[in-house]
Amino acid sequence: MTIDWTSLALQTINVLVLLWLLQRFLYRPVLAVLERRQTEIGERLAKAETARLEAEAAKTEIAAEHASLASQREQRLAQVQAEAEAARAARMQDVAVQSARLLDEAQHQIERERAEAETQLREDAATLAADFAARILERVPAGVLTRAYLEELTTQKEALQALGASELRVVSASPLAEDETTAIQARLSPLLAHPVQWRFEVDESLIAGLAVHADDSVIAHSLAQDLTQLKAAALEHDTV
């Protein structure tokens, strides 16, 4: 086998030229493109990592905000429950106070009405007793009552002597007969400190009895007065 060194040298030169051309016009641009592509991919990966980190931070922030909102909601719910419980307790206290006040007012009203009823009952009983006594005494002849009350007047010796008027008015419940006026003057004159002029008048409100008037002084013994005292005594006895 014979080697054509010339052809071999030319082919070698061609190969070297081809490699230089490939290195010069193809391999370097491709490397440059690959480097730019790699740089772009690196930037995109960096941006993606940055975005992921931002997303993680946003997620953490949102979770923290949710936790804060949940905590605020729980606190608000607890506050509302506490306020509702306080309002309920205050309302119950107010209802209890109002109930106690109404009960106390009702008890006082019952006590007042009972006291008024008892007072009215005592007054009615005293009035009935006085009316009953008056009806019994109405059956007694007026002369008898007049003489009886005249005797009571004579027991007021000191009071009669203290009368300084020169005229005495003797008031009776009904007109007196002449013998009655004479009897009155005869019984009372010795008990007076000095002689007087006598004047006789009628006042039916006395019911029965006599009243001696001298200026502003009055010495009276009458059935009306006795019935008033009887009624007062009955009321006083019932209240003890």
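Helices (H or I, at least four residues) and strands (E, at least two) are DSSP runs, numbered from the N terminus. With that in hand, let's work through some exercises.

This is a predicted model, in which local features need pLDDT of at least 70, side-chain atom pairs count only at pLDDT 80 or more, and totals for chains, interfaces and linings use all residues. Residues are numbered from 1 along each chain as its sequence is written, and side-chain values use heavy atoms, with hydrogens and water left out.

**Exercise 1. A helix and its salt bridges**

Task: Find where Arg-88 and Glu-85 lie, and state how far apart their closest N and O atoms are.

Solution:
- Step 1. Start with the place: both Arg-88 and Glu-85 belong to helix H1 (residues 5–138). They are three residues apart, about one turn of the helix.
- Step 2. Recall the idea that side chains of opposite charge can pair when their charged atoms come close. The rule used here for a salt bridge is a side-chain nitrogen of Lys or Arg within 4 Å of a carboxyl oxygen of Asp or Glu.
- Step 3. Apply the rule: the closest N and O atoms of Arg-88 and Glu-85 are 2.6 Å apart, and the two residues form a salt bridge.
- Step 4. Look at accessibility, where buried means under 20% relative accessible area, exposed over 50%, and partly exposed in between (1.4 Å probe, protein chains only). Arg-88 is partly exposed at 46%, and Glu-85 is partly exposed at 41%.
- Step 5. Try another pair in H1: Glu-105 and Arg-101 meet in a salt bridge at 3.0 Å, N to O. About one helical turn separates Glu-105 and Arg-101, because they are four residues apart in helix H1.

**Exercise 2. A bridge between strands**

Task: Which elements hold Arg-169 and Glu-201, and how far apart in sequence are the parts that this pair ties together?

Solution:
- Step 1. Check the pair: Arg-169 forms a salt bridge with Glu-201, with 2.8 Å between the closest N and O atoms.
- Step 2. Locate the partners: Arg-169 lies in strand S1 and Glu-201 in strand S2, so the pair ties together parts that are 32 residues apart in sequence.
- Step 3. Check exposure: Arg-169 is partly exposed at 22%, and Glu-201 is partly exposed at 27%.
- Step 4. Widen the view: a network of salt bridges links Glu-167, Arg-169, Arg-199 and Glu-201. The structure holds ten salt bridges.

**Exercise 3. Aromatic pairs**

Task: How many aromatic pairs are there, and how is each arranged?

Solution:
- Step 1. Set the rule: rings of Phe, Tyr and Trp (its six-membered ring) pair if their centres lie within 6.5 Å; planes under 30 degrees apart count as stacked, over 60 as edge-to-face and the rest as tilted.
- Step 2. Count: the rule gives two aromatic pairs.
- Step 3. Take Trp-20 and Phe-25: this pair is edge-to-face, with 6.3 Å centre to centre and 90° between the planes.
- Step 4. Take Trp-198 and Phe-200: this pair is stacked, with 6.5 Å centre to centre and 15° between the planes.
- Step 5. Compare accessibility values: Phe-25 is exposed at 55%, Trp-198 is buried at 18%, and Phe-200 is partly exposed at 28%.

**Exercise 4. From Thr-154 to Leu-191**

Task: Work out where Thr-154 and Leu-191 lie, and whether each is buried or exposed.

Solution:
- Step 1. Place them: Thr-154 is in helix H2 (residues 142–154), while Leu-191 lies in the loop between H4 and strand S2 (197–202).
- Step 2. Read the accessibility: Thr-154 is buried at 15%, and Leu-191 is buried at 14%.
- Step 3. Set sequence beside space: Leu-191 and Thr-154 are 37 residues apart in sequence and 7.5 Å apart in space, C-alpha to C-alpha.
- Step 4. List contacts (heavy atoms within 4.5 Å). Leaving aside neighbours within four places in sequence, Thr-154 contacts Arg-187, Leu-188 and Leu-191. On the same basis, the contacts of Leu-191 include Thr-154 and Lys-157.

**Exercise 5. The nonpolar core**

Task: Which residues touch the most other members of the largest nonpolar core?

Solution:
- Step 1. Define the core: a set of buried Ala, Val, Leu, Ile, Met, Phe, Trp, Tyr and Cys residues joined through side-chain atoms within 4.5 Å.
- Step 2. Pick out the residues: of the 18 residues in the largest core, Leu-168 and Leu-188 touch the most other members.
- Step 3. Trace the suppliers: H2, strand S1 (167–172), helix H4 (178–188) and strand S3 (209–214) each supply at least two residues of this core. S3 gives the most, with three residues.
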